[in-house]
Amino acid sequence: MRKMRTHSASWRAAAVVASVLLVGSIAACGNSDTGGGTKDDGKITMGFSQVGAESGWRTANTTSIKDAASTAGIELKFDDAQQKQENQIKAIRNYIQQKVDVIAFSPVVESGWDTVLKEAKDAKIPVILTDRSVDSADKTLYKTFLGSDFVKEGKLAGEWLVEQKKTASGPVNIVELQGTTGAAPANDRKKGFAEAIAANPNLKVIASQTGDFTRAGGKQVMEQFLKANPKIDVLFAHNDDMGLGALEAITAAGKVPGKDITIITVDAVKDGMQALADGKFNFIAECSPLLGPQLMDLAKKVHAGETVPARIETEETTFTSEQAKEALPNRKY
Ligand code: GYE
């Protein structure tokens, strides 16, 4: 009798497990039947892999993407990769598994994406690159690249300096704070700047190192630059945040930023623009982080199977101190 009871209890348990499994598999079926991440409500699901939270630019970019997704009615799955490529690859693989409708990401570095992009393509999930690009030879691995022309930004920074120093009779010593090693904006801004300053042989980059696009990195590397080089005339920082970090090192070394050392940066986020208006920075090449609305438009188009341009460039300008003073009150980020 006792045995029988045990038996029937275990049968009941088995029946419960079986029905749970059944319901589970019906739910899973329902999901794939409605086509990828598109649920019955017809919403597009986007999996987005963000670089990190390394700078003011990045914070503004993340806000723009989140706000634009909710305005566009797109369901956003968001992952912060903390500046690590392996985290981005993991996030993209998760999105593929979850069968999202569109994957968008800002690749921390340019190289090493072919395998994971191929996986997305095989799963028929369109990929949009935003902000930074990849160096994959196979351009069919992604639908489009939305972002700035970083070479142009470096060039504009260099051209301004060439103009400022056109009457210099002796060497002008430049130090450079590079962005994250291997990142498109670091490679390209360095290239554009070098091309522009080649116009005047007096202009020489005497030291160039990465500060990883962060304030802490900018401060630390600038301290080393100042220790190793008694005569620094110009700092070119690949973003505002590294320039802002460097300000502390320059002041601590007893020099006046913007006067003893001319400072040029890229981005034009609020803190950078304030430093420029205050005369601590001298020139900024703008790089807009407000990519969200265009990204959501593109996501809708590629999801609908429309062809989109392979490259969409962001419109940008440059700022002197006077222009920063004028622009600051209306600056959104
Ligand atoms: O300039 C920098 C950020 O990829 C354009 O990344 C972006 C760059 C931006 O960390 O501040």
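Mentor: Contact here means that heavy atoms lie within 4.5 Å of each other, and we shall use that idea on a model that is predicted.

Trainee: Which residues in H5 meet which residues in H6?

Mentor: On the H5 side the contact includes Phe 150, Val 151, Gly 154, Ala 157, Leu 161 and Val 162, and among their partners in H6 are Ala 184, Pro 185, Arg 189, Phe 193 and Ile 197. The residues of this contact divide into ten nonpolar, three polar and six charged.

Trainee: At roughly what angle do the axes of H5 and H6 cross?

Mentor: The axes of H5, residues 150-164, and H6, residues 184-197, cross at roughly 35 degrees and come within 6 Å, and the crossing is right-handed.

Trainee: Turning to the ligand, how many residues surround the ligand, and which are the closest?

Mentor: The ligand is surrounded by 13 residues, of which the closest are Glu 54, Asp 131, Arg 132, Asn 239 and Asp 267.

Trainee: How much of the ligand's accessible area does the protein cover?

Mentor: Begin with the polar contacts: oxygen atoms of the ligand lie 2.5 Å from a side-chain N or O atom of Glu 54, 2.6 Å from one of Asp 267, and 3.0 Å from a polar side-chain atom of Ser 55. Of the 300 Å² of accessible area that the ligand has on its own, the protein covers 100%.

Terms used
Residues numbered from 1 in each chain as written. Predicted model: local features only at pLDDT ≥ 70, side-chain atom pairs only at ≥ 80, totals over all residues. Heavy atoms only, no water. Axes fitted to C-alpha atoms, helices over the stretch in contact; angles between N-to-C directions. Helix = DSSP H or I, 4+ residues; strand = E, 2+ residues; numbered from the N terminus. Left-handed = near helix turned anticlockwise from the far one by under 90°. Nonpolar A, V, L, I, M, F, W, Y, C, P; charged D, E, K, R; others polar. Near = heavy atom within 4 Å. Polar contact = N/O pair within 3.5 Å; in protein donor to acceptor, adjacent residues only side chain to side chain. Areas by Shrake-Rupley, 256 points an atom, 1.4 Å probe, with all protein chains shown as cover.
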